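Hello,

Here is the structure I promised to hand over. Please open it first, then read the notes below.

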Amino acid sequence: MSRPRIVIVGAGFAGYQTARTLSRLSRGKADVTVLNPTDHFLYLPLLPQVAAGILEPRRVTISLTGTLSHVRLVLGEADSIDLEGRTVQYTGPEGEVGTLPYDRLVLAAGSVNKLLPIPGVAEHAHGFRGLPEALYQRDHIIRQIELAATDDDPKTCAARCTFVVVGAGYTGTEVAAQGQLFTDELVRQHPLTKDIRPRWILLDIADRVLPELDERLSRTSDQVLRQRGVEVRMGVSVKEATRTGVLLTDGEFVDTRTVVWCVGVRPDPLAASLGLPMERGRLLVEPSLQVPGHPDVYAAGDAAAVPDLENPGKYHPMTAQHAWRQGKVAGHNVAASLGVGTRRPYRHKDLGFVVDLGGVKAAANPLGVHLSGPLAGAVTRGYHLAAMPGNRIRVAADWVLDAVLPRQAVQLGLVRSWSVPLDTASPEVARVPGGPEKPRAKADGKPQDEGTGGAQQAQQEPAKPGPAEMSGGPARTADQPGAPDAGDKPGPVKITDDGPDVSRRPDGKEGA
Ligand SMILES: Cc1cc2nc3c(=O)[nH]c(=O)nc-3n(C[C@H](O)[C@H](O)[C@H](O)COP(=O)(O)OP(=O)(O)OC[C@H]3O[C@@H](n4cnc5c(N)ncnc54)[C@H](O)[C@@H]3O)c2cc1C
């Protein structure tokens with residue numbers, strides 16, 4: 001008799017942990033396959049450190065094949081799921097389509113950037129949900145400072161040195177905190193002709209930073225940000241974004257070339273495409289993580305609305321902590337369905353949060369004990385090292401190097417503006433020109449108001465494709481086999497602020 005086939009869609013916090021648990025429990029009893037667009041698990045909480053030039057990008061990636069034994073990796077993105085036929089249709093990195101039959105399915109496709117119906121945002125802002133976006137930000141920030149250093153016009157120089165972060169959840173807060181330190185360092189290396197200090201502005205319509213976290217974490221973070229010089233502007237959002245700046249809801253126009261969009265996330269559209277009961281955009285599951293009416297289908301992580309058994313009527317928030325632990329329970333319960341162990345419900349109380357504020361500063365409340373300053377910094381870094389399933393020595397080595405050496409302020413130019421559109425269902429991979437069109441699961445358009453953002457999430461809009469999404473090809477990274485190199489690109493090369501040819505989209509048209 002053939003062995004049961006387990007397919008896990010997505011290898012983030014939830015999917016990786018499901019696969020890891022199953023590789024241990026079901027060895028020899030089932031075939032476990034992970035379908036993921038990249039060959040690694042991305043440790044998202046350290047992404048702001050990649051954008052700030054502290055960590056090299058590979059440090060936050062954990063090889064799937066190198067760490068998951070007895071698990072088969074299929075590179076690709078699920079396009080649709082046939083619940084009746086028990087198959088997953090997917091598109092591989094070079095446009096090839098395939099089908100994976102399953103006996104048990106675990107849906108762990110995570111989340112994508114959330115948009116709000118604000119004019120110009122889809123065109124002029126960039127999200128912060130994947131490695132390509134972090135690499136783009138790192139280059140972009142360095143470029144703005146380098147260009148400002150040779151700009152004689154004080155107004156343009158000031159605009160280049162102004163960085164607007166929208167959304168003061170933990171992503172936006174960490175990006176702004178790390179960003180101010182990074183640009184101060186860059187200016188030391190590239191002194192500006194004008195007497196300008198890089199200006200970071202953190203906006204949120206909420207009345208405090210980290211609105212969804214404990215108030216003491218919020219106060220500590222606010223204090224550190226302000227002491228560092230970040231302009232923390234609560235109760236304010238963006239009314240319109242343009243190529244030269246943003247119009248704020250209080251009527252001020254801020255000249256800037258940088259808008260980082262951290263207003264939160266919405267579940268991957270794949271979950272919505274199933275046509276099953278949803279809870280605010282997330283797939284509704286039972287405490288066992290099974291989808292009601294489909295006992296062979298499980299969901300976990302950001303894509304799943306998991307009932308909070310400690311707080312009846314509520315659902316667990318979209319955090320790494322929950323996704324990781326849900327992955328473990330999903331693995332156990334799938335194994336139980338195959339006769340190994342017993343099924344258990346997901347039940348977990350928050351163990352606290354850590355917010356890395358850059359330098360030696362952080363805000364943390366492990367097990368409810370409030371910490372700030374260097375002690376919180378040490379706890380935060382220790383927590384990340386303990387939580388990462390690999391690369392610990394490399395990460396720690398980068399931290400040591402960063403403490404003793406100046407940061408390397410060079411652009412690599414590998415990720416361009418058009419290859420990381422804000423409105424995308426695939427933030428984990430950069431777009432490349434000339435790639436094949438790939439069918440995508442249709443979003444139901446219902447956004448989600450939990451996640452990495454602040455209260456900006458309160459204003460929501462249906463997901464709709466932005467310009468780059470409509471014209472863009474699919475998801476291939478520049479260094480994947482078959483990806484065209486720069487010489488393949490159609491159209492003339494235009495020199496812009498973003499470097500050669502950056503304003504050319506994959507369809508050859510001009511655009512931001
Ligand atoms: C910058 C940043 C910082 C954060 N910091 C923290 C923090 O400090 N603490 C905290 O608790 N949480 C943090 N979070 C939130 C946390 O990372 C998420 O809640 C967590 O990653 C959710 O895990 P997941 O497995 O559901 O999704 P993910 O970890 O996002 O994984 C989803 C996986 O599915 C893959 N995938 C997507 N679509 C498809 C498809 N169609 N087919 C196949 N595979 C697919 C993706 O490539 C990815 O590998 C942060 C998030 C961000 C963006």
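**What lines the ligand**

Sorted by class, the shell around the ligand holds 19 nonpolar, twelve polar and five charged residues. This is a predicted model. In total, 36 residues surround the ligand. The closest are Gly 10, Gly 12, Gly 110, Gly 301 and Ala 323.

Several elements feed this shell. Three are helices: α1 (13-25), α7 (170-189) and α10 (320-337). Strands β2 (31-36) and β6 (77-82) contribute as well. Each of these five supplies at least two residues.

**Two helices**

Start with α10, since α10 helps to form the ligand shell. Of its 18 residues, 13 are buried, so α10 is largely enclosed by the rest of the structure. Its length also checks out. At 1.5 Å a residue, α10 should span 26 Å, and its end C-alpha atoms are 25 Å apart, which agrees. Just after α10, Gly 339 takes a positive phi of about 95°.

Now helix α5 (residues 131-149). α5 is mostly covered, with 15 of its 19 residues buried. At 1.5 Å a residue, α5 should span 27 Å. Its end C-alpha atoms are 27 Å apart, in agreement with that.

**Around β23**

Strand β23 (residues 294-299) pairs with strand β9 (residues 104-107) in the parallel sense, over three bridges. Here Leu 107 stands opposite Ala 299 in β23.

β23 also pairs with strand β22 (residues 290-291), this time in the antiparallel sense and over two bridges. Val 291 stands opposite His 294 in β23. β22 and β23 form a hairpin, with two residues between them. In the turn, Gly 293 has a positive phi of about 85°.

**A three-strand sheet**

There is also an open sheet of three strands, in the order β15-β16-β17, with antiparallel pairing. Why do β15 (238-241) and β17 (253-255) each have one side without a neighbour in the sheet? Both stand at the edges with a single partner strand, so one side of each is left free of a neighbour in the sheet. Neighbouring strands of this sheet are turned by 25° against each other on average, direction ignored.

Look at strand β16 (residues 245-248) too. β16 and β17 pair in the antiparallel sense over three bridges. Gly 245 stands opposite Asp 255 in β17.

Best wishes

Definitions and conventions. Residues are numbered from 1 along each chain as its sequence is written. This is a predicted model: local features need pLDDT of at least 70, side-chain atom pairs count only at pLDDT 80 or more; totals for chains, interfaces and linings use all residues. A residue is near a molecule or strand if its C-beta atom, placed from the backbone, lies within 6 Å of it. Helices (H or I, at least four residues) and strands (E, at least two) are DSSP runs, numbered from the N terminus. Ala, Val, Leu, Ile, Met, Phe, Trp, Tyr, Cys and Pro count as nonpolar, Asp, Glu, Lys and Arg as charged, and the others, Gly among them, as polar. The expected span of a helix is 1.5 Å times one less than its number of residues. A residue is buried if 20 or more other C-beta atoms lie within 10 Å of its own, exposed if 12 or fewer, and partly exposed in between; C-beta atoms are placed from the backbone. Two strands pair if DSSP finds at least two bridges between them. Axes are lines fitted to C-alpha atoms, for helices over the stretch in contact, and angles run from 0 to 180 degrees between N-to-C directions.
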